[in-house]
Amino acid sequence: MRQEHYYVPQPMPWPIMGSTALFLMILGGVFVMNGASAGWISLALGVVVLLYMLLRWFGDVIRESEGGKYGSWEDVSFRWGMSWFIFSEVMFFAGFFGALFWARAMSVPDLSSLLHQEMLWPGFKGLWPSAGPGFAEEFTPMGALGIPAINTLLLLSSGVTLTYAHWGLVNNQRGKLNLFLFLTIVLGAIFLGLQIYEYAHAYSALNLKLSTGVYGSTFFMLTGFHGFHVTLGAIMLTVILFRCLAGHFKSDHHFAFEAVAWYWHFVDVVWLLLFIVVYWL
Amino acid sequence: MSAVLDTHGHADHGYHPGGIMRWITTTNHKDIGTLYLWFSFIMFMVGGVMALVIRLELFSPGLQWVDPDFFNQMTTMHGLIMVFGAIMPAFVGFANWLIPMMIGAPDMAFARMNNWSFWILPFAAALLVISFFTPGGAPGVGWTMYAPLTVQMGMGMDLTIFAVHLLGMSSIMGSINIITTILNLRAPGMGLMRMPLFCWTWLITAYLLVATMPVLAGAVTMTLTDRHFGTTFFNAAGGGDPVLYQHIFWFFGHPEVYIIALPAFGVVSQVIPAFARKPLFGYASMVSATAGIAILSFIVWAHHMYTVGMPVAGQLFFMYATALIAVPTGVKVFNWVATMWKGSLSFETPMLFAVGFLFLFTLGGFTGLVLSLAAVDIQLHDTYYVVAHFHYVMAIGAVFAGYAGVYFWLPKWTGRMYDEALGKWHFWLSVIFINITFFVQHFAGLAGMPRRIPDYPMMFEVWNKISSVGAFGFGISQLLFLYIIVSAIRSGEKAPDKPWEGADSLEWTHLPTPAPRHSFHTPPVLK
């Protein structure tokens, strides 16, 4: 039967606090980027305010959810909301993948094939991986075997463990839920650790940096934004784990868990694409 | 499942702060709609003043009033503020006010996120304003923010980049809210194909926004890292390409054109049937034409770039795809005309603006068709012909549709009627002055006058003088609009529940005037 009332929340101060926090972070960040180190104060203050705001806002939502304010009608809204949010994230990554494809298929080959190339960039071959004709230093591109392959296995396994955890939740096996959720977070953490190690290795041993031409730009921006999303996902999973340990969620009422699971799988799929077109091909 | 028991949930029992805090903390879709509309009008004035600075400088050849760098800052900020600060928030304001009422919903699906979508905007606007006071001033790169110029600007550019990020966040959150509201909060019996067309146009617009705003965010992020962190996305020496920026930008930028136009179509599709006293002609074809425009809008972006270098096959593809958009747009125009055909027409102010929209938007569409031809565009690219074209579509099309909507729904929003005679004055002054402003720019452009340049040869002087006179006339006429609205709110006549005979959507038929603070606690019963 259809629900009679849709839950419309009360006025609250968190949105304006969030905007203020973003404003402080941006002002501070811009000052820091332009060499005014006093910006760090504003940046740090903004981060603190943002974290406080997120804590309070999510706290309200969790209280409402556990207090039974959300029925099946609100649940559908949350599902649509999360789906479209993930779609917007897909499009964000699409922009950076587009930049990579453009560099590989258009700009780098073009720089070696234009008529005036001999005058501008004599001897430039235009073969991927390339840091462009103006980049003088030697660098080693990142290979696909080794850490990236291990990371692929880690993330894929974490998708499996997360599904086990979900089955545990659906079948009211809380022990299974907690164990596999914990394993998922551990796998994610190991992934991040290896990713950090890989970056350090790239900077110290391979001379591969963010400033290593378009190869370095696309490599670090794509994997970096992915790593940032894995970090967010791991934080969200941790919150969910603590909620599970506190006895939250029912077998038929746990969209927060599913939303984070969707997000985790999305991050997983992005990694597969990254592994194929950034590391492997 | 049973009704949710909520002792603090609705009506007037809960926390309702007064004064300024009411507006800052509100979760009510009508309050938030009002905030959006006033914010957009303020931005419209700010962007308008910048346009007048441009027209003042261009009144005569030579440099009189501002230096070229400041002129560039004006063109940049005028574009950014009008697109992101004035037109888009205005239609989000309409969406907030109207969609819940039109589909019989209690509020927007995510009432708190709705508040955040709005309250990000003033901070983004503040960043743009602050950029004027940084060393080097605001960026003078044009609203398209093309690399490599953006990589060379001062710190005002960074503020602008982050302002774009904030505006994008606001749009994405607002869009997710609108999509979810439409898909999940319709009253029983309000099938998708029974929704007022305004809801359909917004559903599709919101989809375009969610699909393209993140891409713009990516583009400006690349600009930021190119500026400060040593990446070379747009630097050929590092294997990158400035043209890449243009591709990414216009992948966002062309759908953006329809993000602005589609809600305007929606407003006009509500207004014209009401004053023709006939249902909208070809409702299903209107829906499919809207969807068709949205799909095509993703595969036409490079028609903004014919002159930057592209294989002939690419030019042909983008040319044909662009020309194809004329088909669904034509379907819409003919449907509006057919709606009026043999109707009992009356021409109150909303209808005047809607008919003005119909004529002038179509004219802007035709010049768009001219510009879609790659061979012709090579001559016209970056001339005043392009300026005239997109101002007919945006400054006349979208703005007239917005005015039509404000006059049409003002009674429902405020419970008061505006002064009909003054409204007609507002329309006629606007339509005359705006055409004086922009029609002559076609001629200046055909004769070869480039855009975004503060100086020009003597031969363009006549067209520019006429255009500047028109611009100041239009600008001053908008103060009349402000007066009409304020005096209607303060002392207008009481409006009846349904002041327009032919209006038939739920906000007119199922709700009193002015609309109560909470529209539909329980879904209305629809036949």
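**Note on the A–B interface and the domain contact in chain A**

1. In this predicted model, 70 residues of chain A are in contact with 78 residues of chain B, contact meaning heavy atoms within 4.5 Å. The area buried between the two chains is about 6,200 Å², with carbon and sulfur atoms giving 74% of that area. Buried area is here the accessible area (1.4 Å probe) that two parts lose on being put together, summed over both.

2. On conventions, the model is predicted, and local features need pLDDT of at least 70, side-chain atom pairs count only at pLDDT 80 or more, and totals for chains, interfaces and linings use all residues. Residues are numbered from 1 along each chain as its sequence is written, chains are lettered from A and ligands numbered from 1 in the order in which they are written, and side-chain values use heavy atoms, with hydrogens and water left out.

3. Between chain A and chain B, the rule finds 1 salt bridge, defined as a side-chain nitrogen of Lys or Arg within 4 Å of a carboxyl oxygen of Asp or Glu. Glu64(A) pairs with Arg112(B) in a salt bridge, and their closest N and O atoms are 2.8 Å apart.

4. Polar contacts across the interface of chain A and chain B number 20 residue pairs, both residues at pLDDT 80 or more. A polar contact is a pair of N or O atoms within 3.5 Å; within protein, one must be able to donate a hydrogen and the other to accept it, and residues adjacent in sequence count only if both atoms are side-chain atoms.

5. Which helices of chain A each supply at least two residues of the side that touches chain B? They are H1 (14-33), H2 (39-66), H3 (72-113) and H7 (213-245); helices are DSSP runs (H or I, at least four residues), numbered from the N terminus. H3(A) gives the most to this side, with 22 residues. By class, the side of chain A that touches chain B has 44 nonpolar, 22 polar and 4 charged residues. Ala, Val, Leu, Ile, Met, Phe, Trp, Tyr, Cys and Pro count as nonpolar, Asp, Glu, Lys and Arg as charged, and the others, Gly among them, as polar.

6. Chain A is itself divided into domain 1 (1-70) and domain 2 (72-280), with bounds from an automatic or database domain assignment. The contact between these domains takes 11 residues from domain 1 and 9 residues from domain 2. About 1,000 Å² is buried between them, and carbon and sulfur atoms give 55% of this area.

7. Arg243(A) and Glu66(A) form a salt bridge, with the closest N and O atoms 3.5 Å apart.
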